[in-house]
Amino acid sequence: MSGSLPIHVVGGGLAGSEAAWQIAEAGLPVVLHEMRPLRGTEAHQTDGLAELVCSNSFRSDDASLNAVGLLHQEMRRLGSLIMRCGDAHQVPAGGALAVDREGFSRAVTAALEAHPNVAIAREEIDGLPPASWDSVIVATGPLTAPGLAEGIRGLTGAESLAFFDAIAPIVHRDSIDMGKAWFQSRYDKAGPGGTGADYINCPLDREQYAAFIQALVDGEKTSFKEWEASTPYFDGCLPIEVMAERGAETLRHGPMKPFGLTNPHNPTVKAYAIVQLRQDNALGTLYNMVGFQTKLRHAEQVRVFRTIPGLENAEFARLGGLHRNTYLDSPRLLDATLRLKAEPRLRFAGQITGCEGYVESAAIGLMAGRFAAAERAGRSLEPLPVTTALGALIGHITGGHISDDATAAEDAGKPRSFQPMNVNFGLFPPLDRAPKAPDGKRLRGPEKAQAKKRAMTDRARAALGEWLGEAPEPLPAEAAE
């Protein structure tokens with residue numbers, strides 16, 4: 001009888017949408033519960049599934065030299081709905097895969113609404129899911145409803161950890177002064193759907209940069225409630241003013257770095273720093289300020305950002321904001337198939353597990369859906385090889401960063417070692433042997449780094465193919481030697 005019961009997915013973000021899709025594609029009934037529009041959040045603006053609330057970028061699509069690009073490729077091989085809709089609604093973004101956020105969300109919503117095995121329930125789950133739901137995936141992300149969050153804390157007996165995630169402003173394209181700004185991707189690199197001139201660049205000289213940094217430091221910021229004051233930031237999404245406070249040169253070696261760009265309006269003079277804006281919708285009418293997540297008050301954002309050359313008359317479709325992000329101490333609380341050890345009928349997926357990033361969240365949703373579907377069908381799903389991007393990411397979540405002295409560190413009042421993480425090659429097992437040049441000599445410098453990444457991605461593709469039961473692909477000549 002249990003085989004006819006639906007699997008329940010709580011949360012209609014990227015992870016929940018992907019999990020529901022994988023279950024439905026396995027031929028099983030699934031109910032996707034989404035509280036919007038019944039209850040909104042601090043960050044969402046629509047009631048669409050898989051709404052992108054921060055950047056519109058899925059980051060690098062390079063499957064040979066970049067770990068997130070490899071993750072893209074693996075998800076495509078596993079029939080990812082998120083990647084299918086992302087590919088269908090891409091906008092130019094140099095070497096990255098960026099999407100038209102509204103078109104992307106509409107496509108995900110339409111696909112799930114049309115699937116015969118999917119029922120979408122617009123309701124809030126205020127507390128732990130009912131005991132009659134024997135298989136549940138909680139994919140509520142960083143904005144989990146308070147009642148459900150309290151239920152999870154009460155069940156686990158452990159406090160969830162939290163950090164702040166900041167949102168970048170979006171500018172109307174026709175309000176940017178292209179007499180000062182210009183189109184160019186860094187090092188003229190073309191990515192999926194791109195031309196090599198996909199970003200709008202706004203240059204600052206040394207004096208303009210110094211004044212801008214001072215304005216960021218002095219600008220009025222959003223005040224925090226007492227319980228928020230000790231919450232740390234995630235280093236991959238720091239507010240721009242926090243970076244400015246870390247040192248005057250921090251930003252020009254981060255999101256404002258001037259390298260690989262030449263101002264055609266003044267080609268003999270190198271900019272001291274550059275602000276980049278990336279296309280945010282398919283029409284090309286909106287551009288987001290890359291890396292400009294902020295907690296400045298809205299009026300301060302307008303004042304400070306209009307000091308940037310080319311943005312003096314900028315009109316903002318959305319100003320930046322800040323929201324609290326909550327995640328589990330997953331290595332202690334979850335098993336290898338993402339089930340809660342204290343109550344195995346509950347699985348978790350997405351950012352609440354301690355992964356970071358759109359693609360990573362969707363990837364964990366994909367595997368949570370597959371684990372749940374296999375369990376419902378009465379079969380086991382072999383663990384993913386840790387040499388794949390998916391396997392490495394799950395390995396980080398279910399076993400990452402817990403050392404023998406973790407308990408002692410906690411007793412001493414020190415923070416736990418588990419922290420949110422984007423997928424990266426540091427999560428992969430090391431290669432058995434270092435790649436060599438075709439003539440057998442040792443590689444050094446950038447050549448060595450690139451060869452190592454290619455070897456790791458080649459190994460990952462072969463491992464995923466074996467896990468899927470596919471015929472092995474022939475290895476590149478240098479790897480076969």
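**Helix H6 and strand S5 in the predicted model**

Right where H6 begins, a side-chain oxygen of Asp205 comes to within 3.2 Å of the backbone nitrogen of Glu207. This is a predicted model, in which local features need pLDDT of at least 70, side-chain atom pairs count only at pLDDT 80 or more, and totals for chains, interfaces and linings use all residues. Numbering runs from 1 along each chain as its sequence is written, and side-chain values use heavy atoms, with hydrogens and water left out.

H6 covers residues 206-218; helices here are DSSP runs (H or I, at least four residues), as are strands (E, at least two), numbered from the N terminus. Tyr209, Phe212, Ile213, Ala215 and Leu216 are its buried residues, buried meaning under 20% relative accessible area and exposed over 50% (1.4 Å probe, protein chains only). These buried residues sit on the same side of H6, because they cover an arc of only 160° around the axis, taken from the directions from the helix axis to the C-beta atoms. Over on the other side, Arg206, Glu207 and Asp218 are exposed. The buried residues of H6 pack against strands S11 and S12 and helices H7 and H8, with contact meaning heavy atoms within 4.5 Å.

As for S5 (residues 96-99), both its faces are covered: Ala96 and Ala98 are buried on one side, Leu97 and Val99 on the other. In a regular strand, side chains alternate between the two faces of the sheet. S5 pairs in the antiparallel sense with S3 over 2 bridges, and with S4 likewise over 2 bridges; pairing takes at least two DSSP bridges between the strands. Ser57 stands opposite Ala98, while Gln90 has Val99 as its bridge partner.

Methods: Expected span 1.5 Å × (residues − 1). Polar contact = N/O pair within 3.5 Å; in protein donor to acceptor, adjacent residues only side chain to side chain.
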